[in-house]
Amino acid sequence: MIYLQTPEEIELSRAACDLVSRTLGEVAKWVAPGITTLRLDTIAREFILDNGGKPACLGYGGFPGTLCIEVNEMVVHGFPSNYVLREGDIIGTDCVVELNGMHGDSCYTFAVGEIDEKTKRLLEVTKESLYKGIEVARGGKRIGDIANAVQTCCEHAGYSVVREMCGHGIGHKMHEDPEVPNYGRRGTGPVLKPNMMICIEPMINLGSKNIVIERDGWQCRTRDRKPSAHFEHQILITPEEPEILTTFRYVEEALKSKSVNQ
Ligand code: MF3
Ligand code: CO
């Protein structure tokens, strides 16, 4: 069942989304060669707790982190570890917070120092595809319209769309109906209605679309070990343009001041 959020739930969700966005902004300050992904995870956890939130991924179905850590070929659900980031890596940090009973969910993929041009372009196009999906997400449109917008953008650029993983509805629970795939046909799937709240999260591979899930049941990598990118926003459907509840503003501010201080 697709739930329509009440004005009170929407107001609380705005706060949860602001907190998860600020958490990614905090993580952005620390992403650099030499730091472990476990350290980034601790920074995120402490920031969320200090701000009255709950790290929603931690312990979810046994997941061991506050952040899903997606280094290079890791598509989703990577574990924080002692891995030390190196110049040229990319790292996606996917984070969900719970605040006053509602969830905020967002993901950003960072370049660690200088990265090669091909991977840089993958990051740009994946982020662009997220906004293409958001652009068509209005009351009266369908899930397939979002899916098709994301897919078209990425495949035109020569990349491939992961099939097994999707965006989702969100609210009191982290994962609610509907599923929001990143591939599909226009005019298909559930109709979008005002006050639906969904997460759009393209997971896009430089090489083939195939993935492998490790024996731990979580960590998901590209089969060809080429890089994969992931960006996510939580949005509220309205009769017109959607309201983007999460923001990359804090991340972008952090990245800007890092490059000034270099
Ligand atoms: N943003 C991810 C998702 O929507 C976060 C889930 S990770 C989990 O699926 F560990 F909590 F499952
Ligand atoms: Co999500």
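Strands are DSSP runs of at least two residues labelled E, numbered from the N terminus. I begin with that convention because I looked up strand β14 before anything else, and the model I am reading is a predicted one.

**Entry 1: His233**

I located His233 in strand β14, which covers residues 233–236. With a relative accessibility of 1%, His233 counts as buried, the cut-off being under 20%. I then listed its side-chain polar contacts and noted one with the side chain of Tyr131 at 2.9 Å, and another with the side chain of Thr246 at 2.7 Å. Once residues up to four places away in sequence are set aside, His233 touches a series of residues that includes Asp105, Ser106, Leu130, Ile134, Ile198, Cys199 and Phe248.

**Entry 2: Thr246**

I followed the contact with His233 to its other end, and found Thr246 in the loop between β15 (243–244) and α5 (249–260). Thr246 is also counted as buried, at 2% relative accessibility. Besides the 2.7 Å contact between its side chain and that of His233, I noted that a polar atom of the Thr246 side chain lies 3.0 Å from the backbone nitrogen of Gln234. Leaving out neighbours within four places in sequence, I found Thr246 in contact with Cys17, Val20, Ser21, Asp105, Ser106, Glu232, His233 and Gln234.

**Entry 3: the cobalt ion**

Which residues coordinate the cobalt ion (ligand 2)? I found Asp105 (OD), His168 (NE2), Glu201 (OE) and Glu232 (OE), at 2.1 to 2.4 Å. Along the sequence these donor residues follow the spacing D-x62-H-x32-E-x30-E. Asp105 belongs to strand β5 (residues 102–111) and His168 to strand β7 (residues 167–169), so this pair ties together parts of the chain that are 63 residues apart in sequence. I checked accessibility as well, and both Asp105 and His168 are buried. The ion has six donor atoms, the angles among them run from 62 to 169°, and I therefore record the site as irregular, since six donors count as octahedral only if opposite donors are over 155 degrees apart and all others lie between 65 and 115.

**Entry 4: ligand 1**

I next looked at the surroundings of ligand 1, where there are 14 residues, of which Asp94, Asp105, His168, His175 and Glu201 come nearest. A polar side-chain atom of Asp94 lies 2.7 Å from a nitrogen atom of ligand 1, while a polar side-chain atom of Asp105 lies 3.0 Å from a nitrogen atom of that ligand. For Glu201, I noted a polar side-chain atom 3.0 Å from an oxygen atom of ligand 1. Asp105 and Glu201 had already come up in the previous entry as residues coordinating the cobalt ion.

**Entry 5: nonpolar cores**

The largest nonpolar core holds 53 residues, and those touching the most other members are Val31, Leu40, Leu85, Ile91, Phe110, Ile198 and Ile200. Helix α1 (residues 7–30) supplies the largest share of this core, six residues. I took Val31 as a sample and, ignoring neighbours within four places in sequence, found it in contact with Leu40, Leu85, Ile91, Phe110, Ala111, Val112 and Lys258. Another core lies apart from the largest one; this other core has eight residues, among them Met102, Ile170, Cys199 and Leu245.

**Entry 6: Tyr83 and its loop**

Is Tyr83 buried or partly exposed? I read a relative accessible area of 27%, so Tyr83 counts as partly exposed. Tyr83 sits in the loop between β3 (74–76) and β4 (90–99), and its side chain is joined to that of Asp89 by a polar contact of 2.7 Å. Neighbours within four places aside, Tyr83 is in contact with Ile35, Thr36, Thr37, Val71 and Asp89. For Val71, twelve residues away along the chain, I noted a C-alpha separation of 9.4 Å from Tyr83.

**Entry 7: backbone geometry**

His77 lies in the loop between β3 and β4, and its phi is near 60°, a positive value in a residue other than glycine. His77 is partly exposed, with a relative accessible area of 24%. Asn100, in the loop between β4 and β5, likewise has a positive phi, of about 50°, although it is not a glycine; at 57% relative accessibility Asn100 counts as exposed. Lastly, I recorded a cis peptide bond between Asp177 and Pro178, with omega about 0°, and placed Pro178 in strand β8 (residues 176–180).

Conventions
Residues are numbered from 1 along each chain as its sequence is written. Chains are lettered from A and ligands numbered from 1 in the order in which they are written. This is a predicted model: local features need pLDDT of at least 70, side-chain atom pairs count only at pLDDT 80 or more; totals for chains, interfaces and linings use all residues. Side-chain values use heavy atoms; hydrogens and water are left out. Donors are N, O and S atoms within 2.8 Å of the metal (3.2 Å for Na, K and Ca); water is not among the atoms, so sites may look incomplete. Four donors count as tetrahedral if all angles lie between 85 and 135 degrees; four count as square planar and six as octahedral if opposite donors are over 155 degrees apart and all others between 65 and 115; anything else is irregular. Helices (H or I, at least four residues) and strands (E, at least two) are DSSP runs, numbered from the N terminus. Buried means under 20% relative accessible area, exposed over 50%, partly exposed in between (1.4 Å probe, protein chains only). A nonpolar core is a set of buried Ala, Val, Leu, Ile, Met, Phe, Trp, Tyr and Cys residues joined through side-chain atoms within 4.5 Å. Contact means heavy atoms within 4.5 Å. A residue is near a molecule or strand if one of its heavy atoms lies within 4 Å of it. A polar contact is a pair of N or O atoms within 3.5 Å; within protein, one must be able to donate a hydrogen and the other to accept it, and residues adjacent in sequence count only if both atoms are side-chain atoms.
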